[in-house]
Amino acid sequence: MRHIEQYGQSDYTPVPGKFTLFLRNCIIWQIIQFAWINLKMTVLIVKSHH
Amino acid sequence: MARLIIMGGGVSGHTAASFAKKWLGNEHEVVVVTPNSLWNWIPSNIFVGVGEMSKEDVTFPLAPVYEKAGIDYRQAKAVSIHPEGKIEDDTPFITVEYTGQGKEGQTEELTYDYLINATGPKLNFDATPGLGNGKGDVGEHTVSVCTADHAIHASLELKAVVEKMKAGEEKRFLIGTGHGMCTCQGAAFEYIFNVDHYLKQEGVRDKATITYISNEYELGDFGVGGMHIKAGGYVTSGKVFAESLYVERGLRWIKRAHVNKVEADKVHYETLDGNMHEEDYDFAMLIPPFAGVGMKAYAKDGSDMTDVIFAPNGMMKVDADYESGARGFENWSPNDWPSTLQNPTYDNIFAVGIAFAPPHFISKPMSSPNGTPINPTPPRTGMPSAMMGKAVAASICDMIKGVADKPIHTASMSEMGAACVASTGKGLLNGTAVSMTMYPVVPDYKKYEYGRDLNGTFGTIGLAGHWVKLLLHYGFIWKAKLKPGWTLIPE
Ligand SMILES: Cc1cc2nc3c(=O)[nH]c(=O)nc-3n(C[C@H](O)[C@H](O)[C@H](O)COP(=O)(O)OP(=O)(O)OC[C@H]3O[C@@H](n4cnc5c(N)ncnc54)[C@H](O)[C@@H]3O)c2cc1C
C-alpha cells in the first residue's frame, strides 16, 4: 500500500477511488465516454470555424 | 495566374496549402517552401520518445503527396522577404536556400502574389546555457521530443537508463520546461505520463523518482491561465485535476521555475520567489522556449526592415492589438487577438500557427524579485494552428478569385477552442488518457463567469481518450496524406 506523504504535495490532492478507477477501464462505460468525447470535440470544432 | 507561396509545411502550412490548391485548382499556383522532406505528425513524437512508435509511424515523404496534389514543392528554407520587390521590379519575392532536391545550398528568388508565413517555432535551446549545443539544437545533457529525430534519441537514452535500473540502480527523471518563458507544457505533461507508464511496463518504476519541473504558476496553467471544469458537482480548477494525475502516479512537481543552467546531471533554477535551487537528474527531457525562425525582411532599396514585419521575438506581426500588452493583465481583452492574421503593413502577407506574434501572454505575466520573467508564453496548439491555416487559405482564395477584396475568414484564438489528449499505452485495451477541451483558448471574463464556456471546457480520464488519440493519429496522417475523404476529417 502506498501511503500519502503528510504535509507533502500528495496530502492536499484528491485521488480517484476504486469505483472511478474501475469506470476508467470499463469497456461499456468507455464506449459511452468515447461517443461523448467525440461529440464534445465536434461541437468545439463547429463553434471554432468562422 | 496568381502565385501563393506558403513558407513552412507543418501543421498550419500544410493545411493552408492543401485547401488552397483544392480551392484554386490549376488556374493558380500554390508553392510550399519547407526544409524537411518528411511531414511529421508532431503530437505522436511523444510515443516515439518512449519507443512505442517508430519515425516511420509519425512521418511520411511530402514530395509524392504534393506532386499528386499539383503543389509546387521546394525543399528549402525561406531566408528573407522582400515585400516591395527590387528597385527595378516591384514584384514581391522571397529568397530561399535549398536543403534538398539535389540543390542543397543553392539560393533562389521566388516571386509571389500572396505569402503565408507558417514557419512554426525556432526551438530556442540555446536560450538556456547547457540546454542547447550552441548551434541551435538540443545539447548533450538532456533530450527533447520536439522533432521525430529528437524523440528517437530520447527513446534510446531512456532505454539505456532503464537497462541500468534493471541491474538494480535507482534513477532520477526530470521532465518539463527548460526555461521560464516556455510554452508547450502539454508535451511535457504527456511525456512524463508516458515515461511513468514505460517504467511500470519494464518493471522498474519502484527504482525511479520522477519529477515535473514547470514555469507554470500552478499545474494545469498550460500557458492559457489554467481553466475550470465541472466535476463531481463542483466547478473546479484545472490545477486540482492536474495535481490529482501527478499524485495518482506518484510524480513530484516543481512549479514557478525558470531553469537557468543545465549541467550533465543537474539543473539550476530560480523560482518566482527569487530563490535559487538545484535539481539532480539521470534522465531529463526539457522543452526549449520558442522564438520565430529568424527570417529577415528587406525594403526595395535593400535596407533591413525586419522590425516592420516581425516582432522582436522573430514572430510575424498580424492584425493583433500590439499596444494592448502595455495596458496590463487586468485590461486585456479577447479583441486584442488577431482574427484575419493579415500583416498590417503588407496586405498580401499573412502568418498562421506559431509563426504569428501574439499580442501578449494569456497567463498573467510574473517576474521574480530578481526581475526574471517566469510564466508560460501562449500556446498555439495543433487544432487552432490548422484552423488558422484553413481560414487564411480561404481568405486568400476569395481575394484571388475576386470574391472579396479583403480577408473575410477569421480564426481568432478568442473564438476558437483547443483539444488536448495526453495518452499512454499501446493497443486498444492497454492504455489510458486525459482528454481535455477548452473553449475559447483566450478566456473572456466578460462573457463567461470562469472565462470559458463550461460546456465546451471539460476534462475526463480513461481508456476512451486513448482511443480518441489513436483515432487522431491515424485520422490526421490520413488527412495530411490527402487520401480519399481528407476534407471530411476536421482540423
Ligand atoms: C512533442 C510535442 C507534442 C505536441 N502535442 C500536441 C497535441 O497533442 N495536440 C496539439 O494540438 N498540439 C500539440 N503540439 C503542438 C503542435 O505540434 C503545434 O501546435 C503545431 O505543430 C504548430 O503548427 P505550425 O504549423 O505553427 O508549426 P510546425 O508544425 O512546427 O510547422 C512549421 C514548419 O515550418 C518549417 N520551417 C521552419 N523554418 C522554416 C523556414 N525558414 N522556411 C520554411 N519553412 C520553415 C518547419 O520545418 C516545419 O515544417 C505538440 C508539440 C510538440 C513539440
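Select residues 11–24 of chain B, which form helix α1 (a DSSP run of H or I, at least four residues, numbered from the N terminus). At 1.5 Å times one less than the number of residues, these 14 residues should span 20 Å, and the end C-alpha atoms are 20 Å apart, which agrees. The model is predicted, so local features need pLDDT of at least 70 and side-chain atom pairs 80 or more, while totals for chains, interfaces and linings use all residues. Residues are numbered from 1 along each chain as written, chains are lettered from A in the order written, and side-chain values use heavy atoms, without hydrogens and water.

Colour α1(B) by accessibility. Of its 14 residues, 12 are buried (under 20% relative accessible area, 1.4 Å probe, protein chains only), so the helix is largely enclosed by the rest of the structure. Among the buried residues are V11(B), H14(B), F19(B) and L24(B). Step on to G25(B), which follows the helix and has a positive phi, near 60°.

Now show both chains. Contact (heavy atoms within 4.5 Å) joins 25 residues of chain A to 41 residues of chain B. Select R24(A), L44(A) and H50(A): these lose the most area to chain B, together 21% of what that side buries.

Zoom in on R24(A) and E248(B). Their side chains meet in a salt bridge (Lys or Arg side-chain nitrogen within 4 Å of an Asp or Glu carboxyl oxygen), at 2.9 Å, N to O. The interface holds 2 salt bridges by this rule.

Finish with α2(A), residues 27–48. This helix gives the most to the side of chain A that touches chain B, with 13 residues.

Technical notes:
Helix = DSSP H or I, 4+ residues; strand = E, 2+ residues; numbered from the N terminus. Buried < 20%, exposed > 50% of the residue type's maximum accessible area, 1.4 Å probe, protein only. Buried area = accessible area lost by both parts, 1.4 Å probe.
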